[in-house]
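Please examine the sequence and the structure shown here. The report concerns selected residues and their surroundings.

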Amino acid sequence: MNLRHRYAVITIRTLFGLFIIFSGISGLMTSQSMEGIPEPMVQTMQVLQSTGIFYMIKITETVAGLMLVAGFLPALAAIFLAPISIGIIVVNANTAPDYIISGVIVCLLNAYLGYVYWDKYKALFKK
C-alpha cells in the first residue's frame, strides 16, 4: 500500500471507528428510553433488549470502534463489525426502509476495510 492510500485508510478507519463508538455508547446510554428511535423500530428494539442481544451488539460496537480508532488489530475489528453491518441493513429494510441509507453507509465502510485488509483474510478461505 503506498503512502497516499495509507493515509486514506487511516482516515476512513478512524472516522468509521468514531461513528461506531458513538453508536455503541449512545445505544448503551439510552437503552431503556426509546427516544430517537423511529416508531416502526421500537418493537424490534424492545425485543432485542429483552433478550440481551442489544447490549451484546452495543458492547461489540464500542470495543470494535475503539480497536479501529486505536489501530489495534483493525482487521479483527472489521470482522467483528461485519455481521452487525449486515444486521443493520436487514433490520432497517424490514422495519424502517426510510433509514436503510445509514445501514448501507456502515456496510460500505466495513466492506472497504475488508478490501483493504483482504491479505489478512485470505487464509480464512483456503482449504
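The following paragraphs describe a surface patch and three individual residues.

The model is predicted. On its surface, Phe 72, Leu 73, Leu 76, Ile 79, Phe 80, Trp 118, Leu 124 and Phe 125 form a nonpolar patch of about 830 Å². Helix α4, which spans residues 74-95, supplies the largest share of this nonpolar patch, namely 3 residues. Another member of the patch, Trp 118, belongs to helix α6, which covers residues 118-121.

The table lists three residues with their helices and accessibility.

| Residue | Helix | Relative accessibility | Class |
|---|---|---|---|
| Trp 118 | α6 | 40% | partly exposed |
| Tyr 55 | α3 | 26% | partly exposed |
| Asn 92 | α4 | 6% | buried |

Why does Asn 92 count as buried? Its relative accessibility is 6%, and buried means under 20% relative accessible area. Trp 118 is classed as partly exposed because its relative accessibility is 40%, a class that lies between the limits of 20% and 50%.

Asn 92 has several partners in the model. Its side chain reaches the backbone oxygen of Tyr 99 at 3.0 Å. When neighbours within four places in sequence are left aside, Asn 92 is in contact with Met 41, Pro 97, Tyr 99, Ile 100, Ser 102 and Gly 103.

Tyr 55 is located in helix α3, which comprises residues 53-70. Although Tyr 55 and Gly 27 are 28 residues apart along the chain, their C-alpha atoms are separated by 8.2 Å.

Notes
Residues numbered from 1 in each chain as written. Predicted model: local features only at pLDDT ≥ 70, side-chain atom pairs only at ≥ 80, totals over all residues. Heavy atoms only, no water. Patch = residues over 30% accessible without salt bridge, like charges linked within 9 Å, V, L, I, M, F, W, Y side chains within 5 Å. Areas by Shrake-Rupley, 256 points an atom, 1.4 Å probe, with all protein chains shown as cover. Salt bridge = Lys/Arg side-chain N within 4 Å of Asp/Glu carboxyl O. Helix = DSSP H or I, 4+ residues; strand = E, 2+ residues; numbered from the N terminus. Buried < 20%, exposed > 50% of the residue type's maximum accessible area, 1.4 Å probe, protein only. Polar contact = N/O pair within 3.5 Å; in protein donor to acceptor, adjacent residues only side chain to side chain. Contact = heavy atoms within 4.5 Å.
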